[in-house]
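Me: I have a structure open here and would like to talk it through with you. Could you take me through the strands, the domains and the chain contact?

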Amino acid sequence: MTRGFPTLLRKEVMRFWKVSFQTVAAPVLSALLYLVIFSHALSARVEAYPGVRYTEFLVPGLAMMSMLQNAFANTSSSLIQSKITGNIVFILLSPLTPGDLFAAYLLAAVARAVVVGAGVFLAVAWLVPLPVPNPLWLFAFAFTGAGILGALGIIAGIWADKFDQLAAFQNFLVMPLTFLAGVFYSVDSLPPFWQAASHLNPFFYAVDGFRYAFLGKSDVSPWASLAIASAAFCALSWLTLHLLRSGYKLRN
Amino acid sequence: MATAAVEVRDVSKRFGALRALDGVSLTVEEGEFFALLGPNGAGKTTLISALGGLVRPDSGRLRVLGRDVATEFGEARRLLGIVPQEIVFDPFFSVRETLELQSGYFGLRDNGKWIDELLERLALGVKADANMRSLSGGMKRRVMVAQALVHRPPVIVLDEPTAGVDVELRQTLWQFVRELNAAGHTIVLTTHYLEEAQNLCSRIAMMKAGRIVALDSTERLLAAFSERVLRVKLAGCELPASLAAGATVDATGWHRIPVENAAQVESALARLRESGARVSHLEVTEPELEEVFVKIMARGYAPDREAA
């Protein structure tokens, strides 16, 4: 890590913070709308876990879904904008190492995820009283979940040459996987095939484990979820670092 | 032997079928004001990009003050400031924020004094807190110059820094760059304004199709490929025979008589007087880099070796 790393991190945080209406307030509003609509439509019919109200079940998942999507949006949009406008050249001409780039982009994505997640909880606090979460599980899943998507966003941002390629990545991979991660239902309630399919989705473990931090209940043991989410995070981090070191699409 | 500011050894780079760089070697000594010239697509920008680590060559090595740009990239990049050719900016930040961030990437805190000086010298002071988006093209280019200089690099590379910049700002920029050169910074410049290169640079490399086709001091290139010429237009008479040898005439009636010095100009004029020729127009043109450039580009590639 060079001495330039804190500056790149600060720049990446400033970048989303300067347009926080769009990068924080908008996703919080979306989450709020999901909550209002789904809780109204489903709360009478669905009981995910015995003794747990549907809204209690829904809110941690919604928060995590927003966190995952915004972590991805942060790294991917920053990189593709820098690439398309060309200003990434001044980062590439500096002594910043691939490790600096990885850590700064990733941590900024985690920071945006945390701000968005906190925003969701604050916004719904007056609608849905939630139990006090276990801080260690909360932190562990917030970090690994946002980390997975932050790394994926770096990969997508490096790979995509145009905004529509990035949009395809977002619409055909990130959105389906986050929506099908058991945010709105317990995967235990699904038919066996879809249950098995859900277990192949790494985002599911982030959602399930994050919910455990609040409810103390989950579809899968939180330890197993943490192990799987961490493994996915490590694999994607390795791939991201490898791409950054190789100069793929950044240094011809 | 002193370490060269820039050392390029047998660098080749292909983009698909295109040989962007084809075995390029050149050395720029410390403190030089060096021009890299050539038509569009000759490989100048690719060579500069390779120096900055933006392009990875297929073969060969590049060093900045002895530091290999691939294996010692951190050190090499600290010693090098590149002003890219394309105008680029980050629309999220103001001019001052842009320069503070760029300083930070180099690990420099409290660089405010130098940033203030750069803003002043590049006439950006009034726009320091303006968003980059609101700046004119010429101003954005000057911010890029400031960005390349925030870490006070001893070697400065300017890739067509005056394209689209108005005359006054061009003067301001060259004044500043001249001072940096006088203070010991090595300057490498590419430009399509050959007059600029002729006035500023002591040594010149010309590139064509990925190769160096000429590399020498500005003086020697001018002497070898261009000449001082006496041009005269006569009113209804012929050029005297004593001058006709070696002279040429163009379609508009201008006679072109090569001369080496002022004495030869005088003697040519004396002969014109003696012959009774009536001169309607007269001018003396100095050797021009443009002529050198056109001749070297026209003769095709001759595998010159780098001047020892």
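Reply: Before the strands, one term: two strands count as paired if DSSP finds at least two bridges between them. Please also keep in mind that this is a predicted model.

Me: OK, with that in hand, how many bridges join β7(B) to β8(B), and do they run parallel or antiparallel?

Reply: Strand β7 of chain B, residues 155–159, is joined to β8(B) by 5 bridges, and the two strands run parallel. Within that pairing, V157(B) has V188(B) as its bridge partner in β8(B).

Me: And β8(B) itself, how many of its residues are buried?

Reply: The count is 5 of 5, so β8(B) is largely enclosed by the rest of the structure. In a regular strand the side chains alternate between the two faces of the sheet. Here T186(B), V188(B) and T190(B) point one way, I187(B) and L189(B) point the other way, and all of them are buried.

Me: Which strand does β8(B) meet through F34(B), and which residue is opposite?

Reply: I would start from β3(B), which is joined to β8(B), residues 186–190, by 3 bridges in a parallel arrangement. F34(B) is the residue that stands opposite V188(B) in β8(B), and V188(B) is also the bridge partner of V157(B).

Me: Then what covers the count for β3(B), how many of its residues are buried?

Reply: Strand β3 of chain B, residues 33–37, is mostly covered, with 5 of its 5 residues buried. Both of its faces are covered, since the buried residues include F33(B), A35(B) and L37(B) on one side, and F34(B) and L36(B) on the other.

Me: Which residue is the partner of L36(B) in β9(B)?

Reply: That is A205(B). The pairing between β3(B) and β9(B), residues 203–208, is in the parallel sense and extends over 4 bridges.

Me: Switching topic: where are the domain bounds in chain B?

Reply: Chain B is divided into domain 1, residues 6–223, and domain 2, residues 228–286, and the C-alpha centres of these two domains lie 44 Å apart. For the chain as a whole, the C-alpha atoms fill a box of roughly 75 × 45 × 40 Å along the principal axes, and 42% of the 308 residues count as buried.

Me: What's the strand order in the sheet that has β11(B)?

Reply: The order is β12-β13-β11-β14 in chain B, an open sheet of 4 strands with antiparallel pairing. Its edge strands are β12(B), residues 248–249, and β14(B), residues 279–285, each of which pairs on one side only. Strand β11(B), residues 228–234, is joined to β14(B) by 6 bridges, and R231(B) stands opposite E283(B) in that partner strand.

Me: Which helix lies across those strands?

Reply: Helix α10 of chain B, residues 262–275, lies across β11, β13 and β14 of chain B, and runs at about 135° to β13(B).

Me: There's another antiparallel sheet in chain B with β1(B) in it; what is its order?

Reply: That open sheet also has 4 strands, and they come in the order β2-β1-β4-β5. The edges are taken by β2(B), residues 18–28, and β5(B), residues 67–68, and each has a single partner strand, so one side of each is left without a neighbour in the sheet. Helix α1(B), residues 44–51, packs on the sheet and touches β1, β2 and β4 of chain B, its direction making about 115° with that of β1(B).

Me: And how many bridges are there between β4(B) and β5(B)?

Reply: There are 2, in the antiparallel sense, and R63(B) stands opposite D68(B) in β5(B).

Me: Now the contact: how many residues come from each chain?

Reply: It takes 22 residues from chain A and 22 residues from chain B. On the side of chain A that touches chain B, the elements giving two or more residues are α1 (5–17) and α4 (88–92) of chain A, and the residues of that side divide into 8 nonpolar, 9 polar and 5 charged.

Me: Last one, still in chain A: is W126(A) buried or exposed?

Reply: W126(A), in the loop between α5 and α6 of chain A, is exposed, because it has 7 other C-beta atoms within 10 Å and the cut-off for exposed is 12 or fewer.

Key
Residues numbered from 1 in each chain as written. Chains lettered and ligands numbered in written order. Predicted model: local features only at pLDDT ≥ 70, side-chain atom pairs only at ≥ 80, totals over all residues. Contact = placed C-beta atoms within 7 Å. Nonpolar A, V, L, I, M, F, W, Y, C, P; charged D, E, K, R; others polar. Buried ≥ 20, exposed ≤ 12 C-beta atoms within 10 Å, placed from the backbone. Axes fitted to C-alpha atoms, helices over the stretch in contact; angles between N-to-C directions. Domains from an automatic or database assignment.
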